[in-house]
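Here's a quick tour for anyone opening this structure cold. Keep the 3D view handy and follow along as we go from topic to topic.

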Amino acid sequence: MMPIDSQALHKKAYEIRQRNLVMIYEAGGGHTGGDLSSADILAALYLNGVLNVDPKNPRAPDRDRFFMSKGHSSGLLYTTLAFAGFFPEEELSTFMKPLSRLNGHPNVHVPGVEANTGALGHGLPMAVGAALAAKMDGASWRTFVLTGDGELQEGSNWEAAMAAAQYQLDNLTLIVDRNRFQMIDRTERIVGLEPLADKWHAFGWSVREINGHDHAEIMQTFSAIPFEVGKPNCVLAYTHKGEGVSFIKDRAAWHHRVPTDEELNAALEELRGAA
Amino acid sequence: MSELHDCRKAFASTLEDIARGDPRVVALSNDSVSSAKLSHFAEVFPDRLFNVGIAEQNMVGMASGMANGGKIPFVAAAACFLTGRALEQIKNDVAYTDTNVKLCGVSTGLAYGPLGGTHHSIEDIAWLRAIANMTIIVPADSLETEQAVRAAADFVGPVYLRLSRMGVPVVHDADYRFEIGKAVRLRDGNDVTLAACGTLVPRALAAATMLEEEDIQARVINMATVKPIDREAIVAAAVETGSIVTAEEHTVYGGFGSAVAEVVATTHPVPMRILGVPGVFAPTGSPEFLFEHFGLTPQGIRDAARELVQSGEPQ
């Protein structure tokens, strides 16, 4: 896929947000806040040629791997995969409906999904394994993983962080959706993560801190991978939970709230205006 | 019976042999390379053995990712830590995601003896049996271990191999062929069935010899595949012998005996005795002491079988 300009990518991300929100409304469930915070990152990965994946051959051995560790944002992942052509967009309306393959958390039965995530702290270890497999084979495919920030309270991430540095996995990129919220409150008021960049540095990673909603910055960062030869890449993407909708943004209550008719219309109007 | 063998050696040499023929095979361990007997593997294939340190969750997650990347990972670690610490990774990253990962729990059951309850692995069968898409194999001797490792490598999907560190005699003939899901009858008899897996198989055979002296003809079946269990062999045992004793180096809650009982109760109910660790943490003692303590001995199996046979006789 040919890269598009950051303006066009921004527009795509806002179209994803709209469809994503409708999907949550239709399903009567989903994770509104976290979906909206990661939308720009996923749009960049899938709709701007960062990931070398082929919707027509989703299991191609030399594809880039993307692990959606924040599995509760399945709605965003499915919407992005549909936009990228992995399955028809109409199927999004089956999200969480009986027997739909679009389960409330990602499932490998959905084309493009690499692992059944949803229990937090699982994506990074799997991504380390995939990146190591590629290194062993001298293969050029790369591995990406997106975690939430609250998720970094899971100790398994730090086991994986040490291993990634040990194996010098510069073909591995971790993106942390640093929206600064977990389910009911700010991370720093629950169990604080800061100084987060220092932690990743200390664990042997090469760290970039970016605005996770600025498409020019996102693309510039992804194009600079590997940041340093022999070190795994960490992108701390500072984002806002609920980005794009004023009354959802930075509100913990919207972690998994479903919009009412009025809220949906108001939100779509804002998103259309911003697109 | 004959000379005793440590099945871990058969595991390691077989894995080496398979790795020689299949470059996709890799091994992971949690700093227990030597207790998994993989030191030689590490010498032969230094680039294909990953000691991921004392970090079981990451170890199993990595194995899932390596399988995603086209490898066939064999994860060898003390069973207590492998299954207990990484249970959610086993459930989600391996079984639910359906990755081609082989989990090899070593030093299972009571093998760590006086090291105590933290090191005993007497819950692993129950935990993993409850997980969909999981195959569980508990080999009885070195011959069966070798074949089980090969079968696991050939099988596409998650497998749990439960490997003891205790010396066990060879109970199978040289021409024995292990097949996933198939029980094997080691002794004919129609008065009672002794069903066992792993280290309890030779003890069941010894019990059958004792019972013969009492004119009780016991059938002995080795059920190395605990999941999927051989339903046909169990139903045949229930119908043809009228009672069943199960024996396992594991808690009696949810393990091998429970698996047999689930089939018996829903097909052809007959009296059963389930021998194992009776829902307690074991006291301090060597493995042999603990086997005696819990009646996991030829005598213990004989007594349970005798009781079943006698209770079935007309008063």
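How do α1(A) and α2(A) lie to each other: oblique or roughly parallel? They're oblique, because their axes cross at roughly 140°, and angles over 145 degrees would be needed for roughly antiparallel. Bear in mind that this is a predicted model. Below, we take chain A, then chain B, then the place where they touch.

**Chain A as a whole**

- Chain A has nine helices and five strands.
- Reading from the N terminus, its elements go α-α-β-α-α-β-α-β-α-α-β-α-β-α.
- The radius of gyration of chain A is 17 Å, close to the 19 Å that the globule rule gives for 275 residues, so chain A is as compact as a globular protein of that length.
- Picture a box of roughly 50 × 45 × 35 Å along the principal axes: that's what the C-alpha atoms of chain A fill.

**The sheet of chain A**

- Look for an open sheet of five strands in chain A, with parallel pairing and the order β1-β2-β3-β5-β4.
- At its edges sit β1 (65-68) and β4 (206-211) of chain A, each of which pairs on one side only.
- From one strand to the next, the twist averages 20°.
- As background, strands of a sheet pair through backbone hydrogen bonds, either parallel or antiparallel.
- For a closer look, pick strand β2 (residues 143-148) and strand β3 (residues 172-178) of chain A, which run parallel and are joined by six bridges.
- One partnership to find there is Phe144(A), whose bridge partner in β3(A) is Thr173(A).
- Helix α8 (residues 215-223) of chain A lies across β4 and β5 (233-238) of chain A. This helix runs at about 165° to β4(A).

**Helices α1 and α2 of chain A**

- Back to the opening pair: helix α1 covers residues 6-27 of chain A and helix α2 covers residues 32-47, and their axes come within 9 Å.
- The crossing of α1(A) and α2(A) is right-handed.
- On the α1(A) side, the contact is made by Leu9(A), Lys12(A), Ala13(A), Ile16(A), Arg17(A), Asn20(A), Leu21(A) and Ile24(A).
- From α2(A), the residues making the contact include Leu36(A), Ala39(A), Ala43(A) and Leu47(A), with Asp35(A) and Asp40(A) also among them.
- Sorted by class, the contact of α1(A) with α2(A) has ten nonpolar, two polar and four charged residues.

**Helices α4 and α5 of chain A**

- Next come helix α4 (residues 123-137) and helix α5 (residues 156-166) of chain A, with axes that come within 8 Å and cross at roughly 20°.
- That angle makes α4(A) roughly parallel to α5(A).
- The crossing of α4(A) and α5(A) is left-handed.
- Here Leu124(A), Pro125(A) and Val128(A) of α4(A) meet residues of α5(A) that include Ala160(A), Ala163(A) and Ala164(A).
- The contact of α4(A) with α5(A) counts six nonpolar, two polar and one charged residues.

**Chain B as a whole**

- Chain B has twelve helices and 14 strands.
- With a radius of gyration of 19 Å, close to the 20 Å that the globule rule gives for 315 residues, chain B is as compact as a globular protein of that length.
- The C-alpha trace of chain B spans about 65 × 35 × 35 Å along its principal axes.

**Helices α8 and α12 of chain B**

- In chain B, helix α8 (residues 200-213) and helix α12 (residues 298-312) pack at an angle of about 55°, with axes 8 Å apart.
- These two, α8(B) and α12(B), are therefore oblique to each other.
- Their crossing, α8(B) with α12(B), is right-handed.
- Among the residues that make the contact are Ala204(B), Ala207(B) and Met210(B) of α8(B), along with Ile301(B) and Ala305(B) of α12(B).
- By class, the contact of α8(B) with α12(B) has eight nonpolar, no polar and three charged residues.

**Where the chains touch**

- Chain A and chain B each put 22 residues into the contact.
- On the chain B side, α3 (56-68) and α5 (87-96) each supply at least two residues.
- The top contributor to that side of chain B is α3(B), which gives nine residues.
- The side of chain B that touches chain A breaks down into six nonpolar, eleven polar and five charged residues.

Methods
Residues are numbered from 1 along each chain as its sequence is written. Chains are lettered from A and ligands numbered from 1 in the order in which they are written. This is a predicted model: local features need pLDDT of at least 70, side-chain atom pairs count only at pLDDT 80 or more; totals for chains, interfaces and linings use all residues. Two residues are in contact if their C-beta atoms, placed from the backbone, lie within 7 Å. Helices (H or I, at least four residues) and strands (E, at least two) are DSSP runs, numbered from the N terminus. Ala, Val, Leu, Ile, Met, Phe, Trp, Tyr, Cys and Pro count as nonpolar, Asp, Glu, Lys and Arg as charged, and the others, Gly among them, as polar. Axes are lines fitted to C-alpha atoms, for helices over the stretch in contact, and angles run from 0 to 180 degrees between N-to-C directions. Angles under 35 degrees count as roughly parallel, over 145 as roughly antiparallel, 65 to 115 as roughly perpendicular and the rest as oblique. A crossing is left-handed if the near helix is turned anticlockwise from the far one by less than a right angle, and right-handed if clockwise. Two strands pair if DSSP finds at least two bridges between them. The radius of gyration is taken over C-alpha atoms; the globule rule is 2.2 Å times the number of residues to the power 0.38.
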